[in-house]
Amino acid sequence: MDVMHNFELYQPGSIADAQAILADVKDAWIIAGGKDSLDWFKERVKQPSALVDITGIAELHGIAAGDDGGLWIGATTTLTEVAEDGAVRDKFPMLAKAASLVASPQIRHLGTIGGNVSQDTRCLYYRDGFPCYRAGGNTCYANTPTAMNREHTLYEASRCVAVTPSDTAPVLVALEAVMLIQRGGAKVEVAADDFFIGPDIDITRMTVLQRGDILLGIRVPGTWAGSHQYFEKAADRASWDFPLVNIAMAARTEGGKITAASMVCGAVQCTPRRLSDVESLIVGEAPGADLEGLVKRVAARGARPLTFNQFKKPLMENLAVRAVRSLAV
Amino acid sequence: MDGIGPFDPTVGYPPGPAIREIGPDGSKIPLWKPLHMSRRAFLRGVVCSGTVIAGSAYLFSTATAARADARAVERMLRLTVNGRTHTVDVPPNETLAFTIRYRLGLTGTKIGCNSAECGACNVMVGGMTVYSCSTLTHRVRDKEITTVEGIARPDGTLHPVQQAFIDELAPQCGFCTPGMVVSAVALLNVNPKPTIEEARLALSGNLCRCGAYDHYLRGVMTAAERV
């Protein structure tokens, strides 16, 4: 448990070098902060023969202003750097807030935003090495009448009932961010909405990242820069915890009415869930008690709770209401 | 088969009917010569040899698995801990906590959960607190590392945080204390006059099983007054 298996460690200084290693070693594992990876290795659930530490690649790190009033955030930028960056706080305060609420200070000091969005699910059965669907087996241990599934999914279960554990992911989807991926010789741009994939597309992955791919960074467009933003995370503990449900909303108001809104909920589905019903409902309306009542009715529509996670439905509804209420001030 | 059986040297006398009377004076002479070794000394011997066996398995397994690849990291590295630069031989899969404790002998840093949750292994890397149990040593080899041993002055004068923790009776069992000290010092280094909320946030990555959080927070606030 405590000592990790033997592996080679590579610390390339360029993307080309990293790609060469990834091409050479078929099961090479990309590591940056290592906050999630090392736990996998210590539990001996994953045992890659080589690690590629990409934190030495300068171009993957840092925050820069974009042409359209948005920001470029390198994949190995730490969560602390994201949370404390002046430009992020100024333009996308909910991204700074979400980054500051991830786990604990020590995790944020090394953990990267690239790792936060591409981390694997927290399903206890999967993590403990159960041969479940996601691990390549043919059963789900979390979706049985007696299984511990209070942290699991409300939507789009397809054999697997795991949820996205990330706090920054729903924010990036709400801000319509674009993930930049190095795939072979090409740089591929993937909208954050499409970056996260559910078990119906590939049950063994949480993102579109394939073996050999390197997440270069995240481009947050200026679309929602300076808008009213709201992020809230509901978790069992205030520190070092994954969300039970979190919500991210960006909205613009004019003359007391909501003119545009983007609302995304995390930890209720395998991917961040866009609350399109709420978005279409609130645009053109004035925030207030009437609207909140309607939002509460549609926010968690279609949810299909498991045995022990029925509390997530009202939690989701209330978080959506609180997000809309924040517009009334 | 008399006298032959599972020999328990911790007892000091042979088991079973192993004592026979010999000698003109009729004195009882044991068949097995008792070991002139205390129980404690014997146990220590067993523990040490066990460490050697387990430790060498750990060390040499890595050496045999290493492939001759110029691009992989070199095992020998220079690590600057508490202002002193050490040259140490570190396999790629070794965590900073392991290196600090078992290669450099700085056992003030504790290993609690060993999975980046409890904060007992908390050290400063470049002024930032990190969980050393979940950080590869090779990942931080170019950085300035400060452990709890590097907090007090070289003449032994305690850091205000350490003195305040003593004055406020912060530690109970004390296992989380090194990590708490490092977190508190890291906070005061960048924010000498924190609010209690800022202090709470700075210590939020350290678990205290005794639940002495309020004592630690009072300690941080007291130390902030004295810094």
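**View 1. A:Leu60 sits in the loop that runs between β3 and β4 (63-65) of chain A.** Helices (H or I, at least four residues) and strands (E, at least two) are DSSP runs here, numbered from the N terminus. This is a predicted model, where local features need pLDDT of at least 70 and side-chain atom pairs count only at pLDDT 80 or more, while totals for chains, interfaces and linings use all residues. Residues are numbered from 1 along each chain as its sequence is written, and chains are lettered from A and ligands numbered from 1 in the order in which they are written. Is A:Leu60 buried or exposed? A:Leu60 counts as buried because it has 22 C-beta neighbours inside 10 Å; the cut-offs are 20 or more other C-beta atoms within 10 Å for buried, 12 or fewer for exposed, and partly exposed in between, with C-beta atoms placed from the backbone. Leaving aside residues up to four places away in sequence, A:Leu60 touches A:Ile54, A:Gly74, A:Ala75, A:Thr76, A:Leu216 and A:Gly217 (contact: C-beta atoms, placed from the backbone, within 7 Å). A:Cys265 is another story: 205 residues separate it from A:Leu60 in sequence, and 28 Å in space, C-alpha to C-alpha.

**View 2. Three strands of chain A make an open, parallel sheet in the order β1-β3-β2.** Strands pair if DSSP finds at least two bridges between them. At the edges are β1 (8-10) and β2 (29-31) of chain A, each pairing on one side only. From one strand to the next, the twist averages 30 degrees (axes are lines fitted to C-alpha atoms, for helices over the stretch in contact, and angles run from 0 to 180 degrees between N-to-C directions). β2(A) and β3 (residues 50-53) of chain A run parallel, joined by three bridges. Look for A:Trp29 opposite A:Leu51 in β3(A).

**View 3. An antiparallel open sheet of four strands in chain A has the order β9-β10-β11-β12.** Its edge strands, β9 (228-234) and β12 (273-274) of chain A, each pair on one side only. Nine bridges hold the antiparallel pairing of β10 (residues 245-254) with β11 (residues 257-266) of chain A, and A:Glu254 faces A:Lys257 in β11(A) as an opposite partner. Helix α5 (residues 93-100) of chain A lies across β9 and β10 of chain A, at about 15 degrees to β9(A). Helix α13 (residues 312-325) of chain A also packs on the sheet, touching β9, β10 and β11 of chain A, and its direction makes about 25 degrees with that of β10(A).

**View 4. The β6-β7 hairpin of chain A ends in a strand that lies largely in the open.** Why is β7 (residues 186-191) of chain A described that way? Of its six residues, the number buried is zero, so β7(A) lies largely in the open. Strand β6 (residues 178-183) of chain A pairs with β7(A) in the antiparallel sense over six bridges, with A:Ile181 opposite A:Val188. Two residues lie between the strands, and A:Gly184 takes a positive phi near 65 degrees.

**View 5. Helix α2 (residues 96-103) of chain B is largely enclosed by the rest of the structure.** Six of its eight residues are buried, so the helix has little in the open. The buried ones are B:Leu96, B:Ala97, B:Phe98, B:Thr99, B:Ile100 and B:Arg101. They pack against β3 (76-81), β4 (84-89) and β5 (122-125) of chain B. After α2(B) comes B:Gly105, with a positive phi near 75 degrees.

**View 6. Helices α4 (residues 177-190) and α6 (residues 213-226) of chain B pack at about 35 degrees, their axes 11 Å apart.** The crossing is right-handed, meaning the near helix is turned clockwise from the far one by less than a right angle. B:Met180, B:Ala184, B:Leu187 and B:Leu188 in α4(B) meet B:Tyr216, B:Val220, B:Ala223 and B:Ala224 in α6(B). Those contact residues divide into eight nonpolar, no polar and no charged (Ala, Val, Leu, Ile, Met, Phe, Trp, Tyr, Cys and Pro count as nonpolar, Asp, Glu, Lys and Arg as charged, and the others, Gly among them, as polar).

**View 7. Chain B meets chain A through 29 residues of B and 25 of A.** On the chain B side, α1 (39-65) and β6 (128-131) of chain B are the elements that give two or more residues. That side divides into eleven nonpolar, 13 polar and five charged residues.

How values were computed. Two residues are in contact if their C-beta atoms, placed from the backbone, lie within 7 Å.
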